[in-house]
Amino acid sequence: MAAYIPDEKITAIKNASDIVDIVSETVSLRRAGRNLLGLCPFHAEKTPSFTVSPDKQIFYCFGCGAGGNVFSFLMKHSGLTFPEVARSLAGRYGIDLPTRNLSPHEKKKLTERETILTLNGDAVSFYQGCLLSEERGKQAKGYLLKRGMTRKTIDEFKIGFAPEGWDSLVSHFRSRRKPVEMALQAGLIVSRKKGEGHYDRFRNRIIFPIFNGQSQTVGFGGRVMDDALPKYLNSPDTPVYNKSRSMYGLNRARQKCRETQAVYVVEGYFDLLSMHQFGIENTVATLGTSLTADHVQILKGFVGEGGKAVLVYDSDLAGIKAAQRSVAVFQKGLLEARIMVLPKGHDPDSFLMAHGPDDFLEVAGQSMGMIPFMVESAVEKHGLSIDGKVRIVNDLKSAILAIGDPVARSLRVKHLAERIGVDETVLLQKIKRTAQSPAKASWLKGRPGMVNAPEPSPIRGKTYRLERQMVAMMLQFPEMIADIKRRRLMDHFTDPVLAEIGRGILDHFTTIDSDIAGLVSRWDDPEKKAVIARLSLTDEHWDRDGCMNLMSQFESSIRRRDKVLLNRIEAAEKSGDVTLLATLLREKQQQARKTMEKQSGVNH
């Protein structure tokens, strides 16, 4: 992939990029010695194991094993290809990239996302122009003012208006010779079912641009100004927009989320705009979909270790059901969440308009944890009759079972038992039976502390551990690389991954200036990138004496290996086991051939 962009440009991008700046946009980091720690954005965890090294310009998660340099992080986090990440970083740091060497197909694929983002930006300007137009935007401006929106809010969130006609945006794009087919792929227009041509997806609606973390427009939401249905219409999923990973207002909420270590999650565009307008800027909104595991991981990265999410729901039945659906997602994502149910008849927008932010924050301070909220909701729904208690337990058993921390789970069981007057032992038995059922085992897949825990890694022998230490030493104390070359120690590595990385280090580190981030770029394989990152960040304290001692141990292990093989050959000869003898002799010959090939430079 890197062949599409000259090596000197890749090096320039790598040198200009700061991995701490890039990672900090989505992960809340804190200082831990020379490195920075945060909650991993790639898996659920309570204790930070995601490590970023400003010195080495790499990251590694000691929990899930993800690791690499700034390119690796953006590729994994954003789902982009290497050329896309390189071009994005080049644009960010003002580095010009040539594209003339790309084939037409490669160039089309590479620029597809950029074209869609450009079209989305053009659409934002078009919709804003329509809103500000005296003729086209009069009704829409009146509607927004009636909803309490200020001109400042309208400008900051780039709110616009899609006019009533069927092809206003289509005509706008054609008049400017924009690629209509790409506008179709961007979800801005729709193909006519009968005949040729296209029409605008959004018509006679207030338009809310949806931005990603880099403040690029990835999609749109549109709301009618009357009782027409559907009330809300959102962009479909596109190459730049995925509703399960996108949230409204995320780009503007990020800084306040980090400062407060809290985020409010609301359901509607106007709810979010009111929250921000009243100074509660650590607020995001879902986009016509339930909260997903991806949403929770993104929010967890924003609020950091010990942070929390407050889910703000209407007091109606739909709001309560939405809160209940979120329980399992937050339990799995290991982010503390509280439920805030507003007084009857209110949503966040109407409550703030009527009562102001102080009263809102007072109600937020009384919000309940997710399980206590579900307990109270179930009690209110079913009552405390005998049948009601049975239904309450059935409603709650899965949510309680999803709690990964066994202490927290036990405390929740105790609370439920006391609240509904059921013996705690009986409740525990009921929940254990649920955990043992095949259906529930499937439901719990992947939840921390529950069934289907990952299989432990195979136990490695002493030789493998020594080889890992040797590679770690080379990465962390490159002054010893000349000695390793002179003693030809790499010729005796048995693990193919470590051997390849070791040879790469010998080629790459021409001086004691160890460019780890550059070394990572030598491979496309995520496994090798992660191994390098991990071994670079292991907590070792190297000095020359310790390094010499390790090399001596490694040479001793080589001699022992050779001696063991010779003893096995001698034993096979004495026992007359011709088949085993032939196998061992072939092994000895292969070892000798590999050593000769390495020494002659065939494999270098």
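This note comments on the overall make-up of the chain, on one helix pair and on one bent helix.

1. The model is predicted, and the points below should be read with that in mind. The chain holds 27 helices and 16 strands, and of its 604 residues 47% are buried. Among the contacts in the chain with a separation of 6 or more, 65% join residues that lie 24 or more positions apart.

2. Two packed helices are described by the angle between their axes and the distance between the axes. For helix α21 (residues 462-476) and helix α26 (residues 544-575), the axes come within 10 Å and cross at roughly 150 degrees, and the crossing in which α21 passes α26 is left-handed.

3. On the α21 side, the contact with α26 is made by K462, T463, L466, E467, Q469, M470 and M473, while α26 contributes C547, L550, M551, Q553, F554, S557, R560 and R561. Sorted by character, the residues of this contact comprise seven nonpolar, four polar and four charged.

4. Helix α17 (residues 386-401) has 16 residues, which at 1.5 Å a residue should span 22 Å, and because its end C-alpha atoms are 22 Å apart, the expected and computed values agree. A reader checking the geometry should nevertheless note that α17 bends by about 30 degrees at D395.

5. Several residues of α17 are buried, among them G388, I392 and V393, and the buried set also includes the run L396, K397, S398, A399, I400 and L401.

How values were computed. Residues numbered from 1 in each chain as written. Predicted model: local features only at pLDDT ≥ 70, side-chain atom pairs only at ≥ 80, totals over all residues. Heavy atoms only, no water. Axes fitted to C-alpha atoms, helices over the stretch in contact; angles between N-to-C directions. Helix = DSSP H or I, 4+ residues; strand = E, 2+ residues; numbered from the N terminus. Left-handed = near helix turned anticlockwise from the far one by under 90°. Contact = heavy atoms within 4.5 Å. Nonpolar A, V, L, I, M, F, W, Y, C, P; charged D, E, K, R; others polar. Expected span 1.5 Å × (residues − 1). Bend = angle between axes of the 7 residues up to and from the residue. Buried < 20%, exposed > 50% of the residue type's maximum accessible area, 1.4 Å probe, protein only.
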